[in-house]
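Work through the following exercises with the sequence and the model side by side. Try each task before reading its solution.

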Amino acid sequence: MKKLLLGDEAIAQGAIDAGLSGVYAYPGTPSTEITEYIQLSPVAKERNLHRRWATNEKTAMEQALGMSFMGKRAMVCMKHVGLNVCADPFVNSAMTGTNGGLVVLVADDPSMHSSQNEQDSRFYGKFAMIPTFEPSNQQEAYDMMAVAFDYSEKVHLPVLMRLTTRLAHSRAVVEIADRPREENALNYDAKASDWVLLPAFARKRNEIVTGQQAQLEQDAVGSPFNQYVDGPDHRLGVIASGIAFNYLNECFPSGCPYPVLHVAQYPLPKKLVNRLTEACDSVLIIEEGQPFIEEMVRGVMPRNATILGRLSGELPRTGELTPDAVRAAFGLPAPENYAPCEDVTPRPPALCKGCGHRDVYTALNEVLLDYPNARVFGDIGCYTLGFMPPYKAIHSCVDMGASIGMAKGAADAGLWPAVAVIGDSTFTHSGMTCLLDAINENANITVIISDNLTTGMTGGQDSAGTNKFEAICRGLGVPEDHLRVVVPVPKNMPEITKIIREEIEYQGTSVIIPRRECVQTFQRHLKQKRLKEGKK
């Protein structure tokens, strides 16, 4: 059977067909479509596979570990910065090992299309001593899922699967299985001495995992995904991984004249790399992201060959690779280019018309005109666009949940007023703990939880705290008199500005919750309602 699938969708279909029992994820571009595809899958519905969004990536990883503990196959999905959030359970999952297969899917974002940095998740796999798979196309992404789950159960380790934006969000025809594999049965054989990471037990597991590394590397040498293809011209050899292997093929549609090592499974297969470096005068390393392979080759391989790549300047040091950049590295002529259309004017992103965040920033800016030393600490979400004209309303945006912590730290330093602006989904993801710190010290900050009843930036997924924020804040200890809810619409502007001013003047921690549904999800729900009524 053939399907036209995004890379994300190929991953999702591959997981279902490999006998998945649960997906755990927090939405984040470019990984979001994996979980959404599983949520809509008829097989997932029929089997009642777990497919609800988690509050954050750490909780997702821990829940997936619990499913693996019981012998079932689980997958965790996130974007690269989400791996930072779940680093604690991720790294420790190598120490516990797995019972059922566990795949940690991470979608990296070179060129930072929708991210704060360009980090390369392959470093995490090496750091945690966990095998890593990196598909180069949609078919390979699909095929790798079954192999990854099988391999996880064979070596009793999680498997890290790495995608990048271009593969995650491009489509290709994929040959899929006629029927999915059955789910694993419940398995009560997980040994407590492996899963209870007391130092005495963890030291034993550390010896085992460290001792496995040589076999993992040997498995990578024999992997069907790691292929050495000889070529007639040995003046140059090529190591290509991930989607960069596609770019190499685009440069040489009739076949590459140089020996090529395609790397798709790690640890790095040094035996194959040695073969290439010994046979060639120079080796060009083409990889998407940071110079992960290049640094290892430079550091540990015999210096028989000159190593070329991102570090030597043949390829750009930062940003997403392109077929043109790879062509230039080979000294090939650039393809014909066309000048940009002069009729198309670049337009920066902006908050949607009718968005409640607009009214929040309008009111906040009006009040802060009277406080020239005020600083507003922003967070990750649609409302980050409050930095852009015409609002220019926030002064920082670092990571999920940082707004409240930074506001508290700035207040500790003597700033007044210190204001934090955070979204509903981000608040439950990482903001609640910072708010508890602020309450425990009665920090002089004003926290605005701009609640649009959804996870808006990634397409309108469910938000974990919907209809619970007042209860959460009361439970954390926000004084009832300083927990205020408003509806951000223009007619309520006098009330909103009055409340913001009052809470800024209050000497302690206060929370304001402007609440109005995201205009995009509102329109979607309205359309669904009309369709439903029309059917009746």
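**Exercise 1. Locate Pro 390 and describe the peptide bond that leads into it.**

Solution. Begin with the position: Pro 390 sits in the loop between strand 14 (375-377) and helix 17 (402-412), where helices (H or I, at least four residues) and strands (E, at least two) are DSSP runs, numbered from the N terminus. Next, look at the bond from Pro 389 to Pro 390, which is cis, with omega near 10°. A second cis bond runs from Thr 29 to Pro 30, with omega near 15°, and Pro 30 belongs to the loop between strand 2 and helix 2 (32-40). As background, most residues other than glycine have a negative phi, and most peptide bonds are trans.

Before going on, note that this is a predicted model, in which local features need pLDDT of at least 70 and side-chain atom pairs count only at pLDDT 80 or more, while totals for chains, interfaces and linings use all residues. Residues are numbered from 1 along each chain as its sequence is written, and side-chain values use heavy atoms, with hydrogens and water left out.

**Exercise 2. For Asn 48 and Leu 453, find the sign of phi and decide whether each is buried, partly exposed or exposed.**

Solution. Take Asn 48 first: its phi is positive, about 55°, although it is not a glycine, and its place is the loop between helix 3 (42-47) and helix 4 (57-69). Asn 48 has a relative accessible area of 61%, so it is exposed; the scale used here calls a residue buried under 20% relative accessible area, exposed over 50%, and partly exposed in between (1.4 Å probe, protein chains only). Leu 453, in the loop between strand 16 (445-450) and helix 19 (469-476), also has a positive phi, near 65°. Its relative accessibility is 29%, and therefore Leu 453 counts as partly exposed.

**Exercise 3. Which residues of helix 13 are buried, and how are they arranged around the axis?**

Solution. First list the buried residues of helix 13 (residues 270-279), which are Leu 272, Val 273, Leu 276 and Thr 277. Then look down the helix axis: these buried residues fall within an arc of 130° (taken from the directions from the helix axis to the C-beta atoms), so they line one face of helix 13. Finally, turn to the face directed away from the buried side, where the exposed residues Lys 271 and Glu 278 are found.

**Exercise 4. Describe the surroundings of strand 12 and name the strands joined to it.**

Solution. Start with burial: 5 of the 5 residues of strand 12 (residues 282-286) are buried, so the strand is largely enclosed by the rest of the structure. Ser 282, Leu 284 and Ile 286 point one way, Val 283 and Ile 285 the other way. In a regular strand the side chains alternate between the two faces of the sheet.

Now follow the pairing, which requires that DSSP finds at least two bridges between two strands. Strand 9 (residues 236-241) runs parallel to strand 12 and is joined to it by 5 bridges, with Gly 237 having Val 283 as its bridge partner. Strand 13 (residues 306-308) is also parallel to strand 12, joined by 3 bridges, and here Leu 284 stands opposite Leu 308.

**Exercise 5. Where is Glu 294, and what does its side chain reach?**

Solution. Glu 294 lies in helix 14 (residues 292-300) and is buried, with a relative accessible area of 0%. Its side chain reaches the backbone nitrogen of Arg 310 at 2.8 Å. Leaving aside neighbours within four places in sequence, the contacts of Glu 294 (heavy atoms within 4.5 Å) include Ile 285, Glu 287, Ile 307 and Leu 308.

**Exercise 6. Which members of the largest nonpolar core touch the most other members?**

Solution. A nonpolar core is a set of buried Ala, Val, Leu, Ile, Met, Phe, Trp, Tyr and Cys residues joined through side-chain atoms within 4.5 Å. The largest has 88 residues, of which Ile 11, Met 75, Phe 90, Met 161, Leu 248, Ile 286 and Phe 330 touch the most other members. Helix 8 (residues 138-155) gives the most to this core, with 8 residues. A second, separate core of 50 residues includes Tyr 371, Tyr 391, Ala 411 and Val 478.

Conventions
Polar contact = N/O pair within 3.5 Å; in protein donor to acceptor, adjacent residues only side chain to side chain.
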